[in-house]
Structures are given as C-alpha cells and as structure tokens.
Amino acid sequence: LLKILRRNKGYYYQTKHFTSVSGMIYRMKQNAVGLANICILSTMVLVAVSTTVSLYVGIEDIMKERYPPAEDSIAPIVEKSVKESGRKIRHEEDYLELYFAAIKDQGQYSLDKEKVKTAGDRVSGFVVLTREDCKKKYNEEIPELAENEVALFTIKKTDMDTLVLENRSYHVKEIKQFQNTEDFETIADMMDEYYYVIVNDVQDMERLWQLQKDIYQENSSSISRQVRLDIDGDSEQKKECFENIKTALGPEQAKARILIDSRQSNLDEFYQIYGGFLFLGLFLGILFLMITVLIIFYKQISEGYDDKERFSIMEKVGMSNDEVKATIRSQVRTVFFLPILMAAIHVGMAFPMIKRLLSLFGLSNTALFAGCMAGTILVFALIYLLVFLKTSKTYYKIVGEQV
C-alpha cells in the first residue's frame with residue numbers, strides 16, 4: 001500500500017505525505033509486525049462480538065425454522081391434550097414427508113451411500129410430498145400426475161425435463177421456483193441442489209421410499225407424518241400445554257420414535273445457551289481490545305522516541321515547524337487507521353464463511369448478521385478512535401519535546 005501511495009505522484013510529492021510515507025517504508029519491517037498484530041486482534045474482536053451478538057439477537061429467526069414432527073397415531077392425542085389444557089389451535093399443518101440425499105453423477109442422481117458420505121456440499125437433497133400435501137403446505141395446485149411423472153419445486157432455476165434417480169426415470173411435468181428463497185438459504189449453503197419432488201399420491205411416495213431403502217438399508221429415511229400446531233395463550237400457558245401433551249403421549253413417544261418439540265420451551269433454552277455465547281464473545285472481545293490498546297500505546301511510545309531525532313533533523317535541514325507537525329499528524333493517522341481498515345476488509349472477505357458457520361447454529365438471516373457486523377465495526381471504530389486520540393497525545397508530547 002505504501003508503495004502504491006509512493007507511485008501516486010499527486011499524493012506522494014506533498015511535504016506532509018512525502019516524509020511520512022518514505023519514513024514508514026524505511027521502517028516497514030518494524031511497523032509491519034505491530035500493524036499486523038493490531039489488525040489480527042481487531043479482526044478477532046469484530047468476529048467474536050458480531051457472531052455472538054448475531055446468534056443472540058437472531059434467536060427468534062432460529063425458532064422459526066424449528067417445527068415439531070409427530071406420527072399419525074398420536075395426532076388425535078395431541079389435539080385432545082390441547083383442548084383439555086384450555087388452549088385453542090390457531091393454525092395446523094398435517095402432511096406426509098420423505099427426505100433422502102443423492103449425489104449427482106453424469107446428469108443422474110445416484111443413491112450410492114459411500115459417495116454421499118464423502119461428497120460434502122455436493123450432495124443433492126430431495127423432499128417428497130404428495131399433491132394433496134403440497135396444497136396444504138404451500139397452497140400450490142399441482143395437476144394430476146401419472147405414475148412416472150413428478151413436479152419439482154426448486155431453490156435455483158432449472159430446466160430439467162427428466163429426473164433420473166438410480167436409473168429410474170421420471171418425467172418432470174412442471175417446475176416451480178420458490179418465491180421466498182431466504183427460507184432455504186441454510187440448505188442452499190450446505191447442499192449443491194435441493195428439490196421438493198411432488199408425486200401424485202402416497203403409493204408413488206412409497207415407491208420412492210422403497211427405492212432408497214433398498215440401497216441405503218439401515219441408513220434409509222422413513223416417511224414421516226409432520227403435525228405442526230400454533231396455539232393461543234401466553235408463554236407460560238403454552239409451556240404448560242406442552243407438558244400436558246408430553247404426559248398424554250407417555251410411552252407412545254419411545255415406541256413410535258416420536259420427536260415432540262415446543263417453540264416456547266426451546267426459546268428459553270436458546271436464550272440461556274446463546275446468552276452464554278454472547279457473554280463469551282463479549283469477554284473475548286474486551287480481552288482482545290485491551291491487548292490491542294496496550295500494543296497501540298507501546299507502539300506510539302516506542303515510535304515517538306524513534307522519530308524524535310529524525311524530525312529534529314528535518315527541521316534543521318529547512319522544514320518549518322508547521323510542516324514537521326503536519327508530517328507527524330499524517331504519519332500517525334496513516335499508521336493508526338490502516339489496521340482497522342484492513343480488519344474490516346478481512347471480516348468482509350470472511351463474511352460468506354462465517355455466514356455458513358452461523359447456519360450450522362440455525363441462523364440463516366443474512367441481513368441480521370450483516371447489520372450486527374456493521375454495528376460491531378462502527379462501535380469498535382469509535383472505541384479505536386478514542387484510543388487513537390488518547391495515545392497520539394503521548395506520541396506528540398514525546399516528539400514535540402524535540403520539535
């Protein structure tokens with residue numbers, strides 16, 4: 001960067017810039033170590049604080065992606081428990097779903113379990129729904145489908161006319177793209193392709209289930225019944241209703257491999273867990289900030305004594321006192337603000353990777369994370385500015401004694 005500034009004649013051949021840039025280039029080896037340390041520590045502060053703040057602030061978004069599955073035999077039990085708890089069901093979803101993974105191989109989708117295990121993010125995901133359940137879940141009308149016909153719902157645009165799953169071909173009668181792709185950002189980051197395959201009825205779904213079961217065997221997926229309820233009441237009433245449902249299900253849960261989950265109960269747990277992460281992030285952020293301040297202060301003092309004699313010589317060879325002071329201010333500002341600028345660039349380049357890591361914790365709201373990141377950078381920049389104003393006075397005092 002300093003060499004680029006030196007090649008910029010309009011900038012470099014000014015008295016205040018010429019002496020500061022040439023001086024920093026001459027002492028770059030010493031400067032580089034200090035600046036790199038400050039930059040790394042600043043980056044650590046920004047990452048630690050912004051990610052943990054994002055997780056804590058984004059708990060409500062994480063909750064939106066968690067849904068309680070249930071089995072066919074227990075749906076009436078759940079509904080009965082809700083009524084006995086004095087609650088009303090405001091919204092209910094009830095549908096069958098089959099999920100399995102495949103690997104794309106020469107335009108076809110292979111169910112080779114060894115390839116799928118080692119494929120990483122090149123795995124393709126398939127969720128199978130019937131036409132009737134597609135209407136319930138997405139309010140989308142799908143025309144009558146033949147035995148070897150399917151419709152596709154996609155995240156990314158595709159012109160696929162034939163879906164080939166392990167040498168079994170299905171004619172793609174209709175393709176629709178999800179309008180709100182933000183709901184699927186987490187999946188899109190972790191998988192190469194993701195499709196909702198709409199079949200005509202349960203019998204067609206069972207054929208696909210049998211296909212993947214024959215290959216995956218003990219690792220195969222099951223057709224699951226998803227029952228999702230939104231009930232009225234305040235936080236405590238909802239948690240009480242959830243406990244009543246668990247009591248009513250009793251041994252049925254273990255016998256039928258039922259996973260029962262409550263948004264309100266999980267909300268409290270998430271605030272506890274991510275509150276701990278937030279404390280850890282702020283603690284590490286403050287710790288790294290303290291180290292950064294100490295390095296900056298040491299750097300200002302050591303460089304002040306190094307520059308003291310040099311600026312005295314500049315004054316003796318003809319530079320005015322005002323020119324020397326302008327050079328000092330230019331050098332201090334350049335050296336001081338380069339690390340925070342580079343730290344912001346580092347964080348910006350790491351943004352996609354951090355976003356994917358956060359998606360593993362269930363946070364897929366990119367706008368929220370970007371806002372928390374920008375806010376953290378702004379707050380850190382203000383603290384950094386205060387440190388600059390404080391430590392630069394020490395530098396000016398040391399150099400000014402000679403100047």
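In which helix do lysine 239 and glutamate 236 both lie, and how many residues apart are they? Select residues 235-249, which form helix 11, and the pair appears there, 3 residues apart, or about one turn of the helix. The structure on screen is a predicted model, and this tour goes through it one selection at a time.

**Helix 11 and its salt bridge**

With lysine 239 and glutamate 236 shown as sticks, look for the salt bridge between them, in which the closest N and O atoms are 3.3 Å apart. An α-helix has 3.6 residues a turn, so residues three or four places apart point the same way. Glutamate 236 counts as exposed because its relative accessibility is 53%. A search of the whole structure finds 10 salt bridges, and some of the others come up at later stops.

**The whole chain**

Now step back and display the protein chain as a cartoon, where the secondary structure comes to 15 helices and 8 strands. The chain has 403 residues, of which 43% count as buried, and it exposes about 21,800 Å², with carbon and sulfur atoms supplying 57% of that area. Among its contacts with a separation of 6 or more, 76% are between residues 24 or more positions apart.

**Helix 8 and what covers it**

Select residues 131-138, which are helix 8, and pick out its buried residues, Asp133, Cys134 and Lys137. They lie on the same side of helix 8, because they cover an arc of only 105 degrees around the axis. To see what covers these buried residues, add strand 1 (89-105), strand 3 (123-130), strand 4 (149-154), strand 7 (193-199) and strand 8 (224-231), which are included in that cover.

Within this helix, turn to lysine 136 and aspartate 133, whose side chains meet in a salt bridge of 3.6 Å, N to O. The two are separated by about one helical turn, because they are 3 residues apart in helix 8. Their surroundings can be set side by side: lysine 136 is partly exposed, with a relative accessible area of 46%, whereas aspartate 133 counts as buried at 6% relative accessibility. Helix 8 is followed by asparagine 139, where phi is positive, near 55 degrees.

**From the loop to strand 6**

Which residue's side chain meets that of glutamate 140 in a salt bridge? Select lysine 176, and the bridge is there at 2.7 Å, N to O. Lysine 176 lies in strand 6 (residues 168-177) and glutamate 140 in the loop between helix 8 and strand 4, so the pair ties together parts that are 36 residues apart in sequence. Glutamate 140 counts as partly exposed, at 27% relative accessibility. Add Glu174 to the selection as well, since salt bridges that share partners join Glu140, Glu174 and Lys176 into one network.

**The largest nonpolar core**

Next, go to the interior and select Val45, Ile296, Phe336, Leu358, Phe369, Phe380 and Tyr384, which touch the most other members of the largest nonpolar core, a set of 28 residues. The elements that give two or more residues to this core are helix 4 (28-57), helix 13, helix 14 and helix 15 (366-402), and helix 15 gives the most, with 8 residues. Centre the view on valine 45, and, leaving aside residues up to four places away in sequence, find Gly285, Phe288, Leu289 and Phe380, which valine 45 touches. Apart from this core lies another, of 21 residues, among them Leu152, Val172, Met205 and Leu211.

**Two pairs distant in sequence**

Is methionine 24 buried or exposed? This residue, placed in helix 3 (residues 15-26), counts as buried at 3% relative accessibility. Select threonine 334 with it, and the C-alpha atoms of the two are 9.5 Å apart in space, although 310 residues separate them in sequence. A second pair to select is glutamine 203 and glutamate 147, which are 56 residues apart in sequence and 9.2 Å apart in space, C-alpha to C-alpha. Glutamine 203 lies in helix 10 (residues 202-216) and is partly exposed, with a relative accessible area of 46%.

**A nonpolar patch on the surface**

For the last stop, switch on the surface and select Ile273, Phe277, Met353, Leu357, Leu360 and Phe361, which make a nonpolar surface patch of about 590 Å². Helix 13 (263-316) and helix 14 (321-360) are the elements that give two or more residues to the patch, and the largest share, 3 residues, comes from helix 14. Methionine 353, found in helix 14, counts as exposed at 53% relative accessibility.

Notes
Residues are numbered from 1 along each chain as its sequence is written. This is a predicted model: local features need pLDDT of at least 70, side-chain atom pairs count only at pLDDT 80 or more; totals for chains, interfaces and linings use all residues. Side-chain values use heavy atoms; hydrogens and water are left out. Patches are made of residues with over 30% relative accessible area and no salt bridge: like charges are joined within 9 Å, nonpolar side chains (Val, Leu, Ile, Met, Phe, Trp, Tyr) within 5 Å. Accessible areas come from the Shrake-Rupley method with a 1.4 Å probe; for residues, only the protein chains shown count as cover. A salt bridge is a side-chain nitrogen of Lys or Arg within 4 Å of a carboxyl oxygen of Asp or Glu. Helices (H or I, at least four residues) and strands (E, at least two) are DSSP runs, numbered from the N terminus. Buried means under 20% relative accessible area, exposed over 50%, partly exposed in between (1.4 Å probe, protein chains only). A nonpolar core is a set of buried Ala, Val, Leu, Ile, Met, Phe, Trp, Tyr and Cys residues joined through side-chain atoms within 4.5 Å. Contact means heavy atoms within 4.5 Å. The arc is that of the directions from the helix axis to the C-beta atoms.
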